Amino acid sequence: LDRLTRSVADFLEVLERSRKGKWALVIGDLSIDTSSPMGEAMATISATFAQLERRRIGERTKEGMAQKKLQGVHCGRSAEMSADTVEKIVSLHKAGLTFSAIAREMNSLGVPTAHNGAKWYPATISKTLARVSI
């Protein structure tokens with residue numbers, strides 16, 4: 001059930017479509033059949049608890065990452081950019097180009113981003129320059 005929809009609201013839409021389409025959901029692992037009012041009620045309750053568990057997992061993950069951050073552990077992808085790329089960005093910045101202009105230049109030169117992304121953005125240039133001492 002928790003793979004079918006992401007929220008109770010989404011589940012209720014699916015349930016309504018099943019009513020209008022004159023078909024029922026049968027949730028085998030829970031032995032629920034929505035062709036009856038009791039089955040609909042049980043499915044809705046199950047969807048509520050599935051949504052609750054998803055949200056609790058999100059809370060626990062967020063709390064765990066915050067704790068790791070307090071411990072100085074980096075969470076997420078690391079931005080490994082070649083020294084040549086950083087040097088190019090710094091030199092363009094020293095030449096007076098704006099972040100937008102630097103991003104356009106990097107894109108026109110086909111320089112890959114740290115994560116092999118297809119496009120440079122002004123925010124990426126700004127963050128890169130913030131990490132280096134100019």
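In this predicted model, arginine 77 sits in the loop that joins helix H2 (37-70) to H3. With a relative accessibility of 64%, arginine 77 counts as exposed, since the cut-off for that class is over 50%. A useful sense of scale comes from pairing this loop residue with isoleucine 125: the two are 48 residues apart in sequence, and their C-alpha atoms are 17 Å apart in space. Isoleucine 125 is itself one of the H5 residues that meet H3, which leads to the packing of these two helices.

Two packed helices are described by the angle between their axes and the distance between the axes. For helix H3 (residues 83-94) and helix H5 (residues 122-131), the angle is about 100° and the axes are 10 Å apart. Angles of 65 to 115 degrees count as roughly perpendicular, and H3 and H5 are therefore roughly perpendicular to each other. On the H3 side, the contact is made by Val86, Ile89, Val90 and His93, and on the H5 side by Ile125, Thr128 and Leu129. Sorted by class, this contact holds five nonpolar residues and two polar ones, with no charged residues.

Helix H3 itself has the length one would hope for. Its 12 residues should span 16 Å at 1.5 Å a residue, and the C-alpha atoms at its ends are indeed 16 Å apart, so the two values agree. The buried residues of H3 are Thr85, Val86, Ile89, Val90 and Leu92. Viewed down the helix axis, these buried residues fall within an arc of 165°, so they line one face of H3. On the other side of the helix, Ala83, Asp84, Glu87 and Lys94 are exposed. The buried residues of H3 pack against helix H4 (99-109) as well as H5. Just after H3 comes glycine 96, with a positive phi of about 100°.

Helix H4 returns the contact. Its buried residues are Ala101, Ile102, Ala103 and Met106, and these pack against H3 and H5. Here too a glycine with positive phi follows the helix: glycine 110, just after H4, has a phi of about 75°.

Towards the N terminus, attention turns to helix H1 (8-20). Its 13 residues should span 18 Å at 1.5 Å a residue, and its end C-alpha atoms are 18 Å apart, in agreement with that expectation. The buried residues of H1 are Val8, Phe11, Val14, Leu15 and Ser18. They fall within an arc of 120° when seen down the axis, so they line one face of H1. The cover over these buried residues includes H2, while the face turned away from the buried side carries the exposed residues Arg17 and Lys20.

The backbone just after H1 also deserves a look. Lysine 22 takes a positive phi of about 55° there, although this residue is not a glycine. Lysine 22 belongs to the loop between H1 and strand S1 (26-27), and its relative accessibility of 77% places it among the exposed residues. Serine 31 offers another case of a residue that is not a glycine yet has a positive phi, again of about 55°. Serine 31 is found in the loop between S1 and strand S2 (32-33), where it is exposed, with a relative accessible area of 69%.

Conventions. Residues numbered from 1 in each chain as written. Predicted model: local features only at pLDDT ≥ 70, side-chain atom pairs only at ≥ 80, totals over all residues. Heavy atoms only, no water. Axes fitted to C-alpha atoms, helices over the stretch in contact; angles between N-to-C directions. Helix = DSSP H or I, 4+ residues; strand = E, 2+ residues; numbered from the N terminus. Parallel < 35°, antiparallel > 145°, perpendicular 65-115°, else oblique. Contact = heavy atoms within 4.5 Å. Nonpolar A, V, L, I, M, F, W, Y, C, P; charged D, E, K, R; others polar. Buried < 20%, exposed > 50% of the residue type's maximum accessible area, 1.4 Å probe, protein only. Expected span 1.5 Å × (residues − 1). Arc of directions from axis to C-beta.
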